[in-house]
Amino acid sequence: MQNLKWVLMNLLFVSALVRNFVLSSSQQVICSSQDRATLLGFKSSIIEDTTGVLDSWVGKDCCNGDWEGVQCNPATGKVTGLVLQSAVNEPTLYMKGTLSPSLGNLRSLELLLITGNKFITGSIPNSFSNLTSLRQLILDDNSLQGNVLSSLGHLPLLEILSLAGNRFSGLVPASFGSLRRLTTMNLARNSFSGPIPVTFKNLLKLENLDLSSNLLSGPIPDFIGQFQNLTNLYLSSNRFSGVLPVSVYSLRKLQTMSLERNGLTGPLSDRFSYLKSLTSLQLSGNKFIGHIPASITGLQNLWSLNLSRNLFSDPLPVVGARGFPSLLSIDLSYNNLNLGAIPSWIRDKQLSDINLAGCKLRGTFPKLTRPTTLTSLDLSDNFLTGDVSAFLTSLTNVQKVKLSKNQLRFDLSKLKLPEGVASIDLSSNLVTGSLSSLINNKTSSFLEEIHLTNNQISGRIPDFGESLNLKVLNIGSNKISGQIPSSISNLVELVRLDISRNHITGGIPQAIGQLAQLKWLDLSINALTGRIPDSLLNIKTIKHASFRANRLCGQIPQGRPFNIFPAAAYLHNLCLCGKPLPACRKTMK
């Protein structure tokens, strides 16, 4: 859902740029000397620019197209747009510095977009309240902080206000309720606290409201039903409480409602049938009670429904042949549901995602009518039994499978994973056999995660080929023996390795030090001998490591973070020494 949200927002911004800033190539005059000086003032506040954008800001004419990111009115030479956008997924390209107060002198500025610069810090300058021509203020994904200026609420023409992904705190300014032309407000991923200001009732043109991932509290205000143009509502990951206001059901244009991870309570109303345009309903992680209303099944456009981690109880609504006609993804996990079996309407639908974890499913796996459409399946934490291998074989397009915490009993040699599986989780079952059935020269390069913790798997750890792209290998709490193969160095993408609570012998290979992406390493409770190799100091990403309860001896690698991990990470070995344990005797080093 997050990906869908940002795609939508980006499309909105791009279309606005195209609409408002198509410049004529003829009759262009030289830029205003005052605006040029203002831009150079901003440039001087950026102490480092690895993007190279500001290197183009030379010469007297900032409007001739050579100044990257600068847009002008060709008739007046006034700067009307400043667009400086760095890619968040390119950490080596950034600007470092602050927002210069001089930007407040760009009185003709209609668009100010500075995004994706995690090294731009400080606050929004007071002078920004002078930008009275501004229609779009977009400062996403920087490191701006402090309280947001209440004077931003006095920009009379503002249509888009987006401050997402910064470090702002304090109350959301009540003055924002004066931005009566606002169609999009995005304050997500900050630390705003307190209630939604009552002044927001004036924002009758709102189409997109995103306040997710903050510390906002109190009830969802009843006036939200007045936003008749509202298309997308994101209030997830806050501290909202109380019931869902009845006025919400009057939002006939609403397509996405995301209220996940709050403290909302009470039953849901049958008025959901009024939300004719709804395509995505995300209510997980609240305290909703009662039955799931039957009216939801009649929503013709609903394709994603997530009601997980609430207190909904049996029975589920009866779903007829015309119920949920567009549904692709459903999540009913972790409620007070005692389903027994996967409901027939879920088995028969053409779904891409089925999530029924903790729904008290019992017995063997049923057949899905349309198994080839499924890409993600989570039936973990149930009471399912038997052999799952034939069931998985039918899921020819599945990418993620989570069947942990059941009573599945089968040999890994029977398991033939579909080619496109990226993640398989069979932890806490009764699985037997050897890892070599799953990891061999035929293992798909798509496979990134293997979770087999707490089973009855035996045999040795197989050799790892160079074609493997594993990022997670969790095989702890089994009966695996033998040594760690030096070919572990081929797992160059590995982020997490857990082989704890097995019967692994021999030394820790130096080759582990080549796992440059590793963040989590757990080798505890085995029979490993020898030293902890200093090659581990080459891993700069490591956050957690445990070597507890082996037969290791010698000096712990004396470099961060290994010499500052808790002592418990090294206890119950033969003779480990050095920080964080007592110093080694000279003969031990």
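This is a conversation about salt bridges, a charged patch and a small sheet in a predicted model.

Colleague: What makes the contact between aspartate 141 and arginine 189 a salt bridge?

Modeller: The side chains of aspartate 141 and arginine 189 meet at 2.7 Å, N to O, and since a salt bridge asks for a side-chain nitrogen of Lys or Arg within 4 Å of a carboxyl oxygen of Asp or Glu, the pair qualifies. Aspartate 141 lies in the loop between strand 7 and strand 8, and arginine 189 in the loop between strand 11 and strand 12, so the pair ties together parts that are 48 residues apart in sequence.

Colleague: Why is aspartate 141 called buried or exposed, and what about its partner, arginine 189?

Modeller: Aspartate 141 has a relative accessibility of 17%, and because buried means under 20%, aspartate 141 counts as buried. Arginine 189, at 28%, falls between the cut-offs of 20% and 50% and therefore counts as partly exposed.

Colleague: How do you know that glutamate 260 and arginine 261 form a salt bridge?

Modeller: Their closest N and O atoms are 4.0 Å apart, and the pair is listed as a salt bridge under a criterion of within 4 Å. Glutamate 260 has a relative accessible area of 10% and is buried, whereas arginine 261, with 44%, is partly exposed.

Colleague: Which parts of the chain does the pair of glutamate 448 and lysine 471 link?

Modeller: The side chains of glutamate 448 and lysine 471 meet in a salt bridge at 3.9 Å, N to O. This pair links distant parts of the chain, with glutamate 448 in the loop between strand 30 and strand 31, and lysine 471 in the loop between strand 31 and strand 32, 23 residues apart.

Colleague: How many salt bridges does a search of the whole structure find?

Modeller: The search finds five, and there is also a network of salt bridges that links Glu110, Arg135 and Glu159.

Colleague: What makes lysine 402 partly exposed, and which surface patch includes this residue?

Modeller: Lysine 402 has 31% relative accessibility, which lies between 20% and 50%, so lysine 402 counts as partly exposed. Together with Arg309, Lys400 and Lys405, Lys402 forms a positive surface patch, and lysine 402 lies in strand 28.

Colleague: Why do strand 25 and strand 29 count as edges of their sheet?

Modeller: The sheet is open, with three strands in the order 25-27-29 and parallel pairing. Strand 25 and strand 29 each have a single partner strand, so one side of each is left without a neighbour in the sheet.

Colleague: How do you know that strand 25 and strand 27 pair?

Modeller: Pairing requires at least two bridges, and strand 25 and strand 27 are joined in the parallel sense over two bridges, so the requirement is met. Glycine 363 has leucine 384 as its bridge partner in strand 27.

Note on methods: Residues are numbered from 1 along each chain as its sequence is written. This is a predicted model: local features need pLDDT of at least 70, side-chain atom pairs count only at pLDDT 80 or more; totals for chains, interfaces and linings use all residues. Side-chain values use heavy atoms; hydrogens and water are left out. Patches are made of residues with over 30% relative accessible area and no salt bridge: like charges are joined within 9 Å, nonpolar side chains (Val, Leu, Ile, Met, Phe, Trp, Tyr) within 5 Å. Accessible areas come from the Shrake-Rupley method with a 1.4 Å probe; for residues, only the protein chains shown count as cover. Lys and Arg count as positive and Asp and Glu as negative; His and the chain ends are not counted. The place of a charge is taken as NZ of Lys, CZ of Arg, CG of Asp or CD of Glu. Helices (H or I, at least four residues) and strands (E, at least two) are DSSP runs, numbered from the N terminus. Buried means under 20% relative accessible area, exposed over 50%, partly exposed in between (1.4 Å probe, protein chains only).
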